[in-house]
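User: I am new to this structure and would like to learn how to read it. Could we go through a few features one by one?

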Amino acid sequence: MTEHTLTVAGVAVDTRHWIGGERIASAETFTDVSPIDGSVIGEISRGTEAEAAAAVAAAKAAFPGWAATPRAERARVLHAIADGVEKRIEDLAIVETTDNGALLRSHRRGVMPRVAHNFRFFADWLLNLEHGDFETRGHTNHVSWDPAGPSVLITPWNAPLMLSTWKVAPALAAGNTVVLKPAEWTPLTASLLADIAAEAGLPAGVLNIVQGYGSEIGDALTSHPDVRRISFTGSVPTAKRITASAAANLTPLSLELGGKSPLLVFADADLDLAVDLAVEQYDNAGQVCLAATRILVEESVAEEFTRRFTEKAATIVQGDPRDEATDIGPNIHERQLEKIDGFVRRALDAGARAVVGGRRGEGQYYAPTLLTDVAQDSEIVQEEVFGPVLTLQTFTTEEEAVRLANDTRFGLAATLATGDRDRAARVTERLVAGTVWVNCFFVRDLQAPFGGSRHSGVGREGGTWSFDFYCDLKNTVTAPKGWKDHG
Ligand code: NAD
């Protein structure tokens, strides 16, 4: 324990950066606050351009060794990290809940096991990564995935360790070294990951973590000429700044951004299932990029849908995310709550009706909200709120449903509730979305391509797509002639 160690719900967390296998402190700190009750968790090292540059230098120095490490050995270390995550699920879960306010039970049972799975999945995928050789006029083509170099990974606060490791794991598997910049509202579990990775035997400098504000150190990371990949999950305005910054070196980017995804409910749907799917969109207090926040219901069932939805929403338990009985915890930060409330106030002023909620609760909680009487071109229908706020609109034809669904600048996901397979196929084909769920929601497989269209992102990650991004692909063409083989 040092003066730089915090005890968070009984767990020791180092507040410094992790650079080149060492803990480095900054002169300045920033304050980390728990959304559960607004209490101060502690002071965290506030990175400067100097620490950003040091982290990239450490990643650059470690790159040749890690890139040359055989695939099987890289995979072994990733599995050892997964083992370390599994051993510390309880610690990771309570620290994450304290830091970002999401449910302890889902961190325990869903999120942290998935963090371990991120490492195991990409370790195993690496070992099977290949494209069969093929021939061109007697010449052999061989495709290889070469490690690209130091990779900067920048992540948000809504699912901190899950979203960080969904990038860290494939980047490391690919043979790249990493500089991770976690969100400043949720710095803690990344620091625990550094401990776990070191214990698992990941060589110094292969994973580096710089804490701090993106506005202060983002540019130093994303415009650095030694950085060969940038993967970012976060908001559209930040993505535009990063894209401009990366342009200086033409650094390849993967961008996973916001959404305003639709849930289309057709009259032929199992209405109870559709209501369940709709209420699920309040999960994580609506702080889910994939959330289907625009409910589009066929006119003939809209009244009945709304009645059942209102009934079901009334049973949602909002409260302390550490309680087993809680369904929805707090929103991340006072600033986020003000933003959410601003969206709702302006919508109500513009004539929307709050069928459910429509106001702030006590402390850092926002009442689950459903707004009707909203115009398609209104702010509340077009802009991402990132809180527990849904809108409901109606349609009369399939044509209109598809038009409304596609009519935003986003294209992250879409969910359909329908009992008609032909309709599902027809509608799915016409939706602009990186992921479409039919009669389900949030079923995610790491081998599937993941990402968004339009302003929801650039590129896809997942399975081989992750390796395509984190690697420099090479095709080697070998002639049958010119050999001096003996015998
Ligand atoms: P944000 O863009 O404000 O911040 C994300 C990260 O970027 C943070 O680590 C922040 O410090 C950093 N950052 C800020 N300015 C930077 C700069 N100039 N250069 C480099 N980095 C900078 O987003 P947020 O509010 O933390 O996250 C919410 C957003 O993330 C929502 O729009 C949500 O939809 C999106 N999101 C998308 C996905 C997805 O997979 N598509 C998943 C989760 C969240």
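User: Leaving aside neighbours within four places in sequence, which residues is threonine 306 in contact with?

Analyst: This is a predicted model. A contact here means heavy atoms within 4.5 Å. By that rule, and with its neighbours within four places in sequence left out, threonine 306 touches Val355 and Leu392. Threonine 306 itself sits in helix H10, which covers residues 299–313.

User: Is threonine 306 buried or exposed?

Analyst: A residue is called buried when its relative accessible area is under 20%. The value for threonine 306 is 16%, so threonine 306 counts as buried.

User: How do I read a helix such as H9, and which of its residues are buried?

Analyst: Start with the general idea: an α-helix has 3.6 residues a turn, so residues three or four places apart point the same way. In H9, residues 271–279, the buried ones are Leu271, Ala274, Val275, Leu277, Ala278 and Val279.

User: What do the buried residues of H9 pack against?

Analyst: They pack against one helix, H10, and against strands S14 (261–265), S15 (292–298), S18 (389–395) and S19 (413–417). The N-terminal end of H9 is capped by aspartate 270, with a side-chain oxygen 3.1 Å from the backbone nitrogen of aspartate 272.

User: What domains does the assignment give for the chain?

Analyst: Domain 1 is made of 5–257 + 452–475, and domain 2 of 262–438. Their C-alpha centres are 31 Å apart. To the contact between them, domain 1 gives 26 residues and domain 2 gives 30 residues.

User: Why is the ligand said to lie between the domains?

Analyst: Look at who supplies the shell: domain 1 and domain 2 both give residues to it, so the ligand lies between them. In total 28 residues surround the ligand, and the closest are Lys181, Glu184, Ser235, Leu257 and Glu384. Sorted by class, the shell holds 13 nonpolar, 10 polar and 5 charged residues.

User: Which polar atoms of the protein come close to the ligand, and at what distances?

Analyst: For polar contacts, look at N and O atoms within 3.5 Å of each other. A ligand nitrogen is 2.7 Å from a polar backbone atom of leucine 257. A ligand oxygen is 3.0 Å from an N or O atom in the side chain of tryptophan 157, and for the side chain of glutamate 256 the distance from a ligand oxygen to an N or O atom is 3.4 Å. Taken alone, the ligand exposes 850 Å², and the protein buries 90% of that. Helix H7 (214–222), strand S12 (229–233) and helix H8 (236–247) are the elements that give two or more residues to the shell.

Notes: Residues are numbered from 1 along each chain as its sequence is written. This is a predicted model: local features need pLDDT of at least 70, side-chain atom pairs count only at pLDDT 80 or more; totals for chains, interfaces and linings use all residues. Side-chain values use heavy atoms; hydrogens and water are left out. A residue is near a molecule or strand if one of its heavy atoms lies within 4 Å of it. A polar contact is a pair of N or O atoms within 3.5 Å; within protein, one must be able to donate a hydrogen and the other to accept it, and residues adjacent in sequence count only if both atoms are side-chain atoms. Accessible areas come from the Shrake-Rupley method with a 1.4 Å probe; for residues, only the protein chains shown count as cover. Helices (H or I, at least four residues) and strands (E, at least two) are DSSP runs, numbered from the N terminus. Ala, Val, Leu, Ile, Met, Phe, Trp, Tyr, Cys and Pro count as nonpolar, Asp, Glu, Lys and Arg as charged, and the others, Gly among them, as polar. Domain bounds come from an automatic or database domain assignment. Buried means under 20% relative accessible area, exposed over 50%, partly exposed in between (1.4 Å probe, protein chains only).
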